[in-house]
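Me: Could you take a close look at one helix for me, the one that gives the shell around the ligand its largest share of residues? I'd like to know what it packs against and how it sits relative to the ligand.

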Amino acid sequence: MMVAEVSRMASTLQTTCCIVGSGPAGVMLGYLLARKGVHVSVLEKHQDFFRDFRGDTVHPSTLELMYELGILDEFLAVPHQKLKSISGVAGGYSFKVADFTRVPTHCKFVALMPQWDFLNFLSERAREFRGFDLRMQHEATDLLRENGKIVGVVTQTPDGPIQISADLVVACDGRHSTMRNAARLPMTEFGVPIDVLWFRIGRGADDPEQLFGNINYGRALVLINRGNYFQAGLIIRKGSFEEMKAAGMEAFRETIARIAPYLGDRIHELKNWEEIKLLTVKLNRLERWYEPGLLCIGDAAHAMSPAGGVGINLAIQDAVATANLLADPLRERRVTPELLRRVQWRRELPTRMTQAAQANAHKLFAQLFLQTGPLQAPWQLKTAVQIPGITHVIGRAVGIGVRPEHIMGARRSRAYRNAQLAKLAIGLSVAATFGIACRIRSRKEFR
Ligand SMILES: Cc1cc2nc3c(=O)[nH]c(=O)nc-3n(C[C@H](O)[C@H](O)[C@H](O)COP(=O)(O)OP(=O)(O)OC[C@H]3O[C@@H](n4cnc5c(N)ncnc54)[C@H](O)[C@@H]3O)c2cc1C
């Protein structure tokens with residue numbers, strides 16, 4: 001955008017940190033920075049949070065952050081379902097994938113809560129801080145630059161365009177990030193063989209309580225319990241939605257009924273294709289997450305696939321690391337590119353590891369698509385789920401993730417402290433064993 005064009009705009013707003021996008025990353029970062037006395041403007045292009053395609057999973061590590069912030073009890077008063085484990089049925093074989101009951105956090109479950117409730121809750125709490133300014137129907141369309149540095153954003157509002165100048169712009173605008181594109185930051189795109197069809201279907205009293213994956217006939221259907229209905233996600237081969245539409249609605253209903261026969265009596269609730277939304281899945285990562293005056297986090301820095309349902313969690317962890325590293329420098333107006341580099345350094349390893357796990361899950365789905373007939377659960381699956389403790393290990397990996405972040409200076413739960421002590425004890429025993437082995441070896445050599 002031309003500088004002259006920008007300066008003709010009616011109004012200008014000044015803030016310390018302009019956060020573009022009020023998804024999980026943006027609202028959490030806004031909350032944490034405002035809590036530390038930083039003036040933040042959070043921009044959201046929509047007029048509310050009420051959109052169905054958002055993920056619904058609030059993981060134990062996010063619940064732990066709520067505990068550290070002292071808002072856990074209030075949060076748990078918002079209606080939700082407690083997901084203590086994740087199960088699946090492959091062919092006729094039922095198995096447990098992950099168990100959260102031993103994760104070293106306060107809450108040993110994933111809270112299933114519509115994301116609009118989660119975002120409403122967090123933004124309401126954030127409004128209690130003087131520096132928090134959430135602006136709905138504000139769509140950032142371009143970046144403002146001055147002497148090679150990003151100094152703000154151009155924003156469309158119902159009253160026309162405005163400029164918002166800021167010491168730092170944080171792009172939290174998701175996987176189609178306008179800010180990332182405007183900055184032309186280099187990105188690596190990883191191929192993804194899946195897409196997801198998203199729809200609602202009624203839930204009966206006898207249906208499964210916990211999150212349920214149903215795998216059969218070359219498809220996987222995930223059902224998220226939302227009380228009286230399921231939020232359903234049908235995982236399909238990338239690009240195959242048009243073929244499915246061409247085959248007709250009746251064929252689609254039959255597909256669902258074959259994979260999850262217990263939905264058979266409600267399958268006619270699905271009436272037309274408008275009720276079924278295609279969500280294109282992406283997996284990518286910026287090579288550099290920042291440039292002077294701009295930082296990208298959450299899906300804007302690394303689009304996550306729904307595999308494992310961990311994208312929200314990762315976005316929130318990015319927000320916590322950003323606030324831990326930048327709150328003081330922002331307040332003191334001394335944010336440098338080096339500090340922005342540290343945010344990337346801190347969050348890149350967990351992102352890489354999680355995306356690698358998701359890419360492996362995609363490979364399994366690609367194999368699944370080849371088996372279009374009735375599925376026989378493979379022996380490898382049956383053996384793997386019998387390994388003692390494996391469901392707890394997976395529960396920990398999904399529920400807590402790699403290198404969990406904590407609110408700087410906040411209280412820690414006893415479960416967390418015990419886990420730290422256990423780690424210390426293991427470290428000391430390994431060091432002691434290694435020391436003893438070295439001594440024995442050196443004595444033998446001496447003889
Ligand atoms: C089909 C599907 C299902 C998924 N299910 C789950 C799940 O169950 N659990 C899970 O943990 N993860 C899930 N994920 C991943 C998860 O949705 C993302 O990783 C997560 O939402 C990223 O959070 P974010 O805050 O970075 O971005 P987003 O949640 O995408 O939020 C971005 C926000 O920015 C706003 N915005 C965009 N552009 C602008 C602009 N120019 N100006 C102002 N505002 C703007 C958007 O309206 C939005 O509110 C799923 C992903 C897909 C594709």
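Reply: Sure, and let's start with a neighbour. Helix H3 (residues 60–69) and H9 have axes that come within 9 Å and cross at roughly 35 degrees. The crossing of H3 past H9 is left-handed. On the H3 side you'll find Ser 61, Thr 62 and Leu 65, and they meet Asn 313, Ile 316 and Val 320 of H9. That patch is an even split by class, with 3 nonpolar residues, 3 polar ones and no charged ones. Keep in mind as you click around that this is a predicted model.

Now for the other partner. H9 also packs with helix H10 (residues 337–370), at an angle of about 165 degrees and with the axes 10 Å apart. Angles over 145 degrees count as roughly antiparallel, so that is what H9 and H10 are to each other. Their crossing is right-handed. H9 brings Leu 314, Gln 317, Asp 318, Ala 321, Thr 322, Leu 325, Leu 326 and Pro 329 to this contact, while H10 answers with Leu 339, Arg 342, Val 343, Arg 346, Arg 347, Pro 350, Thr 351 and Thr 354. Sorted by class, the contact of H9 with H10 holds 8 nonpolar, 4 polar and 4 charged residues.

On to the ligand. H9 supplies 4 residues to the shell, the largest share. There are 34 residues around the ligand, and the ones that come nearest are Gly 23, Gly 55, Gly 174, Gly 298 and Gly 311. The elements giving two or more residues to the shell are helix H2 (24–35), strand S2 (40–44), strand S9 (139–146) and H9 itself (311–331). If you're thinking about chemistry, the shell counts 15 nonpolar, 13 polar and 6 charged residues.

H2, the other helix in that list, has a packing partner worth a look too. The axes of H2 and helix H5 (residues 115–126) come within 9 Å, crossing at roughly 20 degrees. H2 and H5 are therefore roughly parallel to each other, and their crossing is left-handed. From H2 the contact takes Val 27, Met 28, Gly 30, Tyr 31 and Ala 34, and from H5 it takes Leu 119, Leu 122, Ser 123, Arg 125 and Ala 126. By class, the residues where H2 meets H5 come to 7 nonpolar, 2 polar and 1 charged.

Zooming out for context, the protein has 13 helices and 20 strands. Its radius of gyration is 24 Å, close to the 22 Å that the globule rule gives for 447 residues, so the protein is as compact as a globular protein of that length. The C-alpha trace spans about 80 × 65 × 40 Å along its principal axes.

Back to your helix, then: H9 meets H3 through residues including Ile 316, meets H10 through residues including Leu 314, and gives 4 residues to the shell around the ligand.

Definitions and conventions: Residues are numbered from 1 along each chain as its sequence is written. This is a predicted model: local features need pLDDT of at least 70, side-chain atom pairs count only at pLDDT 80 or more; totals for chains, interfaces and linings use all residues. A residue is near a molecule or strand if its C-beta atom, placed from the backbone, lies within 6 Å of it. Ala, Val, Leu, Ile, Met, Phe, Trp, Tyr, Cys and Pro count as nonpolar, Asp, Glu, Lys and Arg as charged, and the others, Gly among them, as polar. Axes are lines fitted to C-alpha atoms, for helices over the stretch in contact, and angles run from 0 to 180 degrees between N-to-C directions. Angles under 35 degrees count as roughly parallel, over 145 as roughly antiparallel, 65 to 115 as roughly perpendicular and the rest as oblique. A crossing is left-handed if the near helix is turned anticlockwise from the far one by less than a right angle, and right-handed if clockwise. Two residues are in contact if their C-beta atoms, placed from the backbone, lie within 7 Å. The radius of gyration is taken over C-alpha atoms; the globule rule is 2.2 Å times the number of residues to the power 0.38.
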